[in-house]
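Thank you all for making the time this morning. I would like to walk through one structure with you, and I will go feature by feature.

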Amino acid sequence: MSSSSAISDQIVSPAYTQTSSAPSSSLDKNGFLKMLTEQIKNQDPTSGQDPNQYFQTISQMTTVEQLTNLATQSAVTLAAQKNTSAQALIGRTVTYPGADGVPVQGLVESVQLSTKTGPSLTIAGKAGYSPDIITAVK
């Protein structure tokens, strides 16, 4: 699909149209595989390249990708566990350090869930307490 240039009303091919996204400085797995395929296609057949080296590189890339996926899934699971643990505190009396450091007790009235900051508790009418500060539960 082509577009019309506002300056001279000429047809401009989409191939020459600039996009607003910044180019990525990192190479993802698909980019790496494309580059590797081109390298294999254009290599000199008389040179002594070891094909095992390519397979080792691909294997290492796959391992790194799987570790990244595992780390992402672990983070999601941890966030779900934090949410569940915070929700289990509703209706319970908890102890937490007050502003002066002295332990304070209060009833957990509600939990606010956020994907960015995690759960926060409303204790005795005051919102915004992190479940991480709880030192005791009754």
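The lining of the largest pocket divides into six nonpolar, five polar and two charged residues, and I should say at once that everything I describe comes from a predicted model. The space in this largest pocket comes to about 170 Å³. Of the 13 residues that line the pocket, those closest to its centre are A79, N83, S114, T115 and G118.

Let me turn to the sheet, which is an open one of five strands in the order β6-β5-β4-β3-β7, with antiparallel pairing. At its edges stand β6 and β7, the latter covering 136–137, and because each has a single partner strand, one side of each is left without a neighbour in the sheet.

Taking the β7 edge, we find that β3 and β7 pair in the antiparallel sense over two bridges, and that T95 has A136 in β7 as its bridge partner.

At the other edge, strand β5, residues 120–123, is joined to strand β6, residues 126–129, by three bridges, and these two strands also run antiparallel. Here L121 has Y129 in β6 as its bridge partner. The hairpin of β5 and β6 has two residues between the strands, and within that hairpin A124 takes a positive phi near 50 degrees.

Y129 brings me to the aromatic rings. How many aromatic pairs does a search of the whole structure find? The search finds one, and the partners are Y96 and Y129, whose rings lie 4.8 Å apart centre to centre with 50 degrees between the planes, so that by the definition used, in which stacked is under 30 degrees and edge-to-face over 60, the pair counts as tilted. Since Y96 lies in strand β3, residues 93–97, and Y129 lies in strand β6, the pair ties together parts that are 33 residues apart in sequence. Are these two tyrosines, Y96 and Y129, buried or exposed? Both Y96 and Y129 are buried.

Finally, a word on a helical residue, I40, which is found in helix α1, residues 29–42. Why does I40 count as partly exposed? The reason is its relative accessibility of 39%, since the partly exposed class lies between the 20% limit for buried and the 50% limit for exposed. I40 and Y54 are 14 residues apart in sequence, and their C-alpha atoms are 9.1 Å apart in space.

Terms used
Residues numbered from 1 in each chain as written. Predicted model: local features only at pLDDT ≥ 70, side-chain atom pairs only at ≥ 80, totals over all residues. Heavy atoms only, no water. Helix = DSSP H or I, 4+ residues; strand = E, 2+ residues; numbered from the N terminus. Buried < 20%, exposed > 50% of the residue type's maximum accessible area, 1.4 Å probe, protein only. Pairing = 2+ DSSP bridges. 1 Å grid on protein atoms, 1.4 Å probe; cavity = no way out; pocket = protein on both sides within 12 Å on 5 of 7 lines; lining within 4 Å. Points joined across faces, edges and corners; volume = space filled by probe spheres on them. Nonpolar A, V, L, I, M, F, W, Y, C, P; charged D, E, K, R; others polar. Phe/Tyr/Trp six-rings, centres within 6.5 Å; stacked < 30°, edge-to-face > 60°.
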